[in-house]
Amino acid sequence: MKKLINDPADVVSEALLGMEAAHPDRLRVDHQNRIVYRKEAPRAGKVGLISGGGSGHEPMHGGFVGLGMLDAACAGEVFTSPVPDQMMAATKAVDAGAGVLHIVKNYTGDVMNFEMAAELAAADAGTEVLSVVTNDDVAVQDSLYTAGRRGVGVTVLLEKIVGAAAEEGRPLQEVADLARRVNDNGRSMGMALTSCTVPAAGKPTFELAENEMEVGIGIHGEPGRQRLPLASAKEVAAMLVDPVLGDLPYSKGDSVIAFVNGMGGTPLIELYLMYNEVHQLLDRAGITVARSLVGNYITSLEMAGCSVTLLKVDDELIRLWDAPVNTPGLRWGA
Amino acid sequence: MGVEDFANWLRDSARVLHENAGYLTELDSAIGDADHGSNMDRGFAAIVAVLDETSFSAVDELLKKAGMTLVSKVGGASGPLYGTFFLRFGTALAGAEITPASIGEALKAGVGGILARGKAELGDKTMYDAWAPALEAYDAAVAGGSDLAGALAAAAEAAAKGRDATTPLVARKGRASYLGERSVGHQDPGATSTTLLLESAARTLA
């Protein structure tokens, strides 16, 4: 294992120290509970937005805390969901009387821990908590009797859009409904060129030969649905875009936010090259790209590879997407 | 049979889980996210730290504290699942005389908690595939006049068979479910840790 770390056991806590030191204008960190807070939270009358999950996906979620996005993010161990105590502490801390929305990615552990936290927070402090679960990953097909689809790229877009709505002072139920609408209109598919190494494990989660790739991966270094021979960017783009397009389905005339996300180990030059391929495929399908996002936003440590997320948008969603945001990971207009 | 015996069980489990942390993580690397060993190790080490600091006067207090510790320290799916198991297992033993029958009822309550949280069914390739045959074997042994040692040994043996039977299954719950058919041929890490806990119980609670 070759990583810029001190002790594998200290990776998460030391990274949080660094986040606080780097962004004192926007963030404060509760190191005991491993919670990243927006500096000015709680804000009177504003619905509190909380997310969280395993670490190793940076900038998600701690990097999306700030004006126009999250009020708090709970950091778990690498690839391990945080615990209910953290979520409860965060929930109480950001509740300014307008209630709190939990944004949860659909992984068994995350869902269970957030459920326990919501039950405890309601029993303990009387805080009104609603939850939205993201599950946009089309790679998981037979989801009816299983744990269902994973929450991946759409989570980033959702946190931005719903963050803007909460910033406008909209009530909890409306914010939660909007969050579900975003999730319902978004789909993603990812692929990996390499595995990644969880610091505590010390070796790559899986082995992948020079001439192979994994298609249909999530964000935890887990193998995907299929192992295939390495293909060109053009072919890979089609493997990702086609199942996404067919799933919602997206149709001719739709407007989308097109999001090409890096898994952490792929340089921007390749992500832009991929974006070009994705854009052409969307053009050919008669789909208008209203906005785009290209970069490493929801990652899997140092894994090389990418995911494609499409979110079908209307004027309202575009307006909320364009609203000011000022977080370490995403910033415009503010 | 009292607080000290159950504390010994938890300490022995912590030791075994520590020894097997690499193995559990390896199993989890194949079909999950490579953290089951380190998570169980961290959670049970935290239980041992609590045992070192606190003295308990009742079995249910000890077990409930163990459950809360797992919920608070582990995260992932195994934290709420094993945490809920110990919470319900402990609650069921509150004020009860510790007998093979009352432990059997408590085990059922604990596993009921796992099902309520995890919503798994038999054959989903989860820890329940070890728990379900273990409960059945335990009850059968008690009904046949077995003492606690015999019943726990039967449960551990059945859990191990259940664990082995997860290998050919397609996972339908947890992260392994994302792999679909590719989860076939791999032993479930949760069923493996469950078997370790029951084997430890058979060694220490007799």
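Biologist: In which loop of chain A does Phe79(A) lie, and is Phe79(A) buried or exposed?
Modeller: This is a predicted model. Phe79(A) sits in the loop between β4 and α2 (84-94) of chain A. Its phi is positive, about 65 degrees, although Phe79(A) is not a glycine. Buried means under 20% relative accessible area. Phe79(A) has 1%, so it counts as buried.

Biologist: Which residue of chain B that is not a glycine has a positive phi of about 60 degrees?
Modeller: Look in the loop between α2 (21-31) and α3 (36-53) of chain B, where Ala34(B) is found. This residue is buried, at 2% relative accessibility. The residue with that phi is Ala34(B).

Biologist: Which residues of chain B does Thr205(A) touch?
Modeller: Thr205(A) is in the loop between β7 (186-192) and β8 (212-215) of chain A. It is buried, with a relative accessible area of 7%. Within chain A, its contacts include Ser195(A), Cys196(A), Val198(A) and Gly221(A). From chain B come Ser29(B) and Ala34(B).

Biologist: Why does Cys196(A) form no disulfide?
Modeller: A disulfide needs two cysteine sulfur atoms within 2.5 Å. Cys196(A) is buried, at 1% relative accessible area. Its closest cysteine sulfur is in Cys306(A), too far for a bond because the separation is 15 Å.

Biologist: How many disulfides are there over all chains?
Modeller: A disulfide is a covalent bond between the sulfur atoms of two cysteines. The 2.5 Å cut-off applies here too. Over all chains the count is zero.

Biologist: Where is the cis peptide bond that involves His61(A), and what is its omega?
Modeller: His61(A) is found in the loop between β3 (48-55) and β4 (72-78) of chain A. The cis bond runs from Met60(A) to His61(A), with omega near -5 degrees.

Biologist: Which residue does a cis peptide bond join to Pro249(A)?
Modeller: Pro249(A) lies in the loop between α6 (233-247) and β10 (255-262) of chain A. Omega is about -5 degrees, and the partner is Leu248(A).

Biologist: How many helices and strands are there in chain B?
Modeller: Along the sequence, the pattern is α-α-α-α-α-α-α-α-α. Chain B thus has nine helices and zero strands.

Biologist: What radius of gyration does chain B have?
Modeller: Buried residues make up 60% of its 206 residues. Of the contacts in chain B with a separation of 6 or more, 68% join residues 24 or more positions apart. A compact globule with 206 residues would have a radius near 17 Å. Chain B agrees, at 16 Å.

How values were computed:
Residues are numbered from 1 along each chain as its sequence is written. Chains are lettered from A and ligands numbered from 1 in the order in which they are written. This is a predicted model: local features need pLDDT of at least 70, side-chain atom pairs count only at pLDDT 80 or more; totals for chains, interfaces and linings use all residues. Side-chain values use heavy atoms; hydrogens and water are left out. Buried means under 20% relative accessible area, exposed over 50%, partly exposed in between (1.4 Å probe, protein chains only). Helices (H or I, at least four residues) and strands (E, at least two) are DSSP runs, numbered from the N terminus. Contact means heavy atoms within 4.5 Å. The radius of gyration is taken over C-alpha atoms; the globule rule is 2.2 Å times the number of residues to the power 0.38. Lists of a residue's contacts leave out its neighbours within four places in sequence.
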